[in-house]
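Subject: Structure handover and findings

Dear colleague,

Please find below the structure that I am handing over to you. I would be grateful if you would look at it alongside the notes that follow it.

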Amino acid sequence: MEILNRLEREWRAGADAANTHATADTILAAEADGTASHGVLQATGYAAAIRAGLVNGTAAPRLLPGPEAAVIVAGDGGSSATAYALGLPALAERAEALGAAVLCVRNVAHYAAMWHEVEFLAERGLAAFACTANFPYVAPHGGRRPFFGTNPIAFAFPRTDARPVVFDFAVSTMARGSIQIALRAGANVPAGVGIDRDGRPTRDPAAILAGAQTAFGDHKGAALALMVELLAAGIVGDVFSDEAEAEAIAGGVPVGGVFVLALSPERLGGPDALSRAEAFLGRLEAEPGARLPGARRHARRNSSAPYVVPASLMAELRALAGD
Ligand code: NDP
């Protein structure tokens with residue numbers, strides 16, 4: 001904890017308290033839930049992006065005018081976490097009042113896990129869906145050019161007496177980070193993860209990173225990737241993945257839009273909407289071998305097992321904190 005406090009101070013060299021806290025909260029929540037890929041591992045990247053001026057560490061998001069059922073936030077080039085601090089409570093209020101509302105966040109860097117935003121809403125009794133588009137990495141089904149982002153989608157539904165049901169994943173067959181890890185390890189990836197520059201299926205990570213990733217489920221995942229582009233860029237009013245600045249120029253920081261939908265089960269489905277869903281989820285949980293998405297993370301959050309941070313990462317964090 002002490003090291004995180006020092007990291008906060010260090011970040012403030014390029015970020016103000018509001019931006020620092022919002023980002024640190026997101027990182028710590030991922031770490032606490034055992035989502036190591038989006039936990040403290042990301043701290044050095046966040047800090048470097050702020051220092052390099054790729055992410056605005058003093059972003060001041062503001063609400064823009066729009067229809068009653070929409071909360072529109074101009075993110076000011078900062079982290080999505082800072083824009084959410086303004087947008088998510090406003091979205092929850094609007095959805096509770098109207099039954100349904102959307103949040104359109106423009107011009108933010110979103111490189112966090114997506115469950116955070118939908119779980120925030122579900123903990124307030126709302127069903128929620130969120131998605132974001134990023135750099136072009138994934139080929140359309142039948143095509144060979146990287147065109148869609150890895151385009152994570154997240155969904156959450158509130159429960160009456162338990163943590164919400166939450167799922168959250170990218171529409172690419174494999175996370176790009178995992179392909180990069182395979183490359184560093186000199187290992188092949190499983191079949192179906194990507195294609196080379198000529199559109200030929202390959203298991204060679206270098207060929208896939210130079211070619212294109214595939215969406216899971218063939219045309220079905222590719223259609224989901226398309227949907228995310230049309231919501232997070234088309235509806236939100238920000239860049240499509242194939243318009244995003246080249247990764248090399250953008251320093252690997254995806255800046256664009258986020259789409260979040262919030263629905264009130266009671267306002268839309270009636271007063272027994274949650275208890276009916278609860279009975280359904282109970283039947284699902286009773287199925288041998290099955291579990292609800294989100295259950296693994298929540299179990300980790302409730303566990304008292306220690307967090308293990310690899311020594312090499314710890315050394316990087318200490319260096320960042322000025323040790
Ligand atoms: P996974 O393929 O690992 O899928 C994870 C989801 O599936 C979780 O909701 C998980 O629940 C659920 N799940 C896994 N196993 C089961 C099971 N047996 N039964 C029921 N549910 C299950 O995710 P990805 O690798 O595609 O994505 C990893 C992370 O990367 C995500 O958080 C995503 O948001 C993030 N990401 C962010 C991007 C960005 O631009 N910001 C881009 C791409 C990815 P549980 O947590 O309980 O295990």
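The notes below take up the ligand site, the strands and a few individual residues in turn.

Please keep in mind throughout that this is a predicted model.

The ligand site

The shell around the ligand holds 20 residues, and those that come nearest are D168, A170, R291, G294 and R296. Sorted by class, the shell has 11 nonpolar, 5 polar and 4 charged residues.

Three polar approaches to the ligand may be of interest for your work. A polar atom in the side chain of R296 is placed 2.7 Å from an oxygen atom of the ligand. G294 approaches through its backbone instead, with an N or O atom 2.8 Å from a ligand oxygen atom. H110 uses its side chain, in which an N or O atom is 3.0 Å from a nitrogen atom of the ligand. On its own the ligand has 940 Å² of accessible area, and the protein covers 68% of this.

Which elements give two or more residues to the shell around the ligand? They are strand 6 (165-169) and helix 12 (295-302). Strand 6 supplies the largest share, with 4 residues.

Strand 3 and its partners

Strand 3 spans residues 100-109, and 7 of its 10 residues are buried, so the rest of the structure largely encloses this strand. Two pairings of strand 3 are described here.

With strand 2 (residues 70-74), strand 3 runs parallel, and 5 bridges join the two. Within this pairing, A70 has V102 of strand 3 as its bridge partner. The connection from strand 2 to strand 3 passes through helix 4 (residues 80-98), and the resulting β-α-β crossover is right-handed.

With strand 10 (residues 255-263), strand 3 pairs in the antiparallel sense over 8 bridges. Here V105 has V258 of strand 10 as its bridge partner.

T82 in helix 4

Is T82, a residue of helix 4, buried or exposed? The relative accessibility of T82 is 7%, so T82 counts as buried, the cut-off being under 20%. The side chain of T82 also makes a polar contact with the side chain of N19, at 2.9 Å.

The three-stranded sheet

An open sheet of 3 strands is also present, with antiparallel pairing and the strand order 8-7-9. Why is one side of strand 8 (201-202) and of strand 9 (212-213) left without a neighbour in the sheet? Both strands stand at the edges, and each has a single partner strand, so one side of each has no neighbour there. Strand 7 (residues 194-195) pairs with strand 8 in the antiparallel sense over 2 bridges. In this pairing, G194 stands opposite T202 of strand 8.

A154 in strand 5

Finally, A154 belongs to strand 5 (residues 153-157). The relative accessible area of A154 is 0%, and this residue is therefore buried. Between A154 and R62 there are 24 Å in space, taken from C-alpha to C-alpha, and the two residues are 92 apart in sequence.

For a starting point in the viewer, I would suggest the ligand together with R296, whose polar side-chain atom lies 2.7 Å from a ligand oxygen atom. From there you may wish to turn to strand 3, with its parallel pairing to strand 2 and its antiparallel pairing to strand 10.

With kind regards

How values were computed. Residues numbered from 1 in each chain as written. Predicted model: local features only at pLDDT ≥ 70, side-chain atom pairs only at ≥ 80, totals over all residues. Heavy atoms only, no water. Near = heavy atom within 4 Å. Polar contact = N/O pair within 3.5 Å; in protein donor to acceptor, adjacent residues only side chain to side chain. Areas by Shrake-Rupley, 256 points an atom, 1.4 Å probe, with all protein chains shown as cover. Nonpolar A, V, L, I, M, F, W, Y, C, P; charged D, E, K, R; others polar. Buried < 20%, exposed > 50% of the residue type's maximum accessible area, 1.4 Å probe, protein only. Pairing = 2+ DSSP bridges. Right-handed = clockwise from strand over helix to strand, strands pointing away.
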